Amino acid sequence: MNIRPIGQKDLASVAEFEKEISVISFGSEAVTDLEFHRRKLEKAIPREREGMLVLELEGRVAGWLWMTLKENFVTKENYIQFKSFYAAESCRGTEAVTDLFEAGMDFAASRKARRIVGHVHVGNLPMRVLYKNYGFAPTHLTMEYKVQDQEA
């Protein structure tokens with residue numbers, strides 16, 4: 001097992017993970033264009049590479065974590081935003097996933113962030129449980145109402 005910063009050779013695998021994250025989070029409104037995700041990652045790497053970690057198992061990318069340092073525009077407080085976390089199905093529930101999450105927590109600590117914010121879809125129970133296991137507490141809930149099309 002190896003946890004390391006993302007490299008160019010990882011982009012195809014990680015773009016696929018980002019697509020799957022999008023489907024989990026946004027359902028039918030998900031962005032499933034792999035090239036979109038690849039370009040997004042390529043653009044972020046120069047600025048955010050230290051917080052973009054891959055979990056490598058048996059020579060393949062099996063997990064992905066992306067955290068970034070942000071600043072609250074009102075209070076100017078620095079905080080970490082958990083942008084992405086993904087584990088391949090074959091390693092879910094293993095110590096490797098725990099190690100990847102803890103590498104993210106170490107990244108946050110190295111940035112002296114006093115707060116870490118992670119957004120998770122209400123239906124993503126595994127991620128909600130993972131957050132809870134690390135002491136994250138819910139702070140916001142987004143409510144949505146879809147208007148039914150009505151014939152004129």
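This briefing looks at helix H3 and at Leu 130 in helix H4. The model is predicted. H3 covers residues 95-110, and its buried residues lie on the same side of the helix, as they cover an arc of only 145 degrees around the axis. Leu 130, for its part, sits in helix H4, which runs over residues 125-133.

**Helix H3: length and end**
- With 16 residues, H3 reaches 22 Å from its first C-alpha to its last, close to the 22 Å expected at 1.5 Å a residue.
- Just after H3 comes Lys 112, with a positive phi of about 60 degrees.

**The two faces of H3**
- On the buried side you will find Ala 96, Val 97, Leu 100, Phe 101, Ala 103, Gly 104, Phe 107 and Ala 108.
- The face turned away from that buried side carries the exposed residues Glu 95, Asp 106 and Ala 109.
- The packing partners of the buried residues of H3 include strands E1 (2-5), E2 (52-57) and E3 (60-71).
- Strands E4 (78-87) and E5 (116-118) are also among these partners, as is H4.

**Leu 130 in H4**
- Leu 130 counts as buried because its relative accessibility is 15%, where the cut-off for buried is under 20%.
- Setting aside neighbours within four places in sequence, Leu 130 is in contact with Phe 85 and Phe 101.
- Phe 101 is itself one of the buried residues of H3.
- Asp 106, an exposed residue of H3, has its C-alpha 16 Å from that of Leu 130, and the two are 24 residues apart along the chain.

Key
Residues numbered from 1 in each chain as written. Predicted model: local features only at pLDDT ≥ 70, side-chain atom pairs only at ≥ 80, totals over all residues. Heavy atoms only, no water. Helix = DSSP H or I, 4+ residues; strand = E, 2+ residues; numbered from the N terminus. Buried < 20%, exposed > 50% of the residue type's maximum accessible area, 1.4 Å probe, protein only. Contact = heavy atoms within 4.5 Å. Expected span 1.5 Å × (residues − 1). Arc of directions from axis to C-beta.
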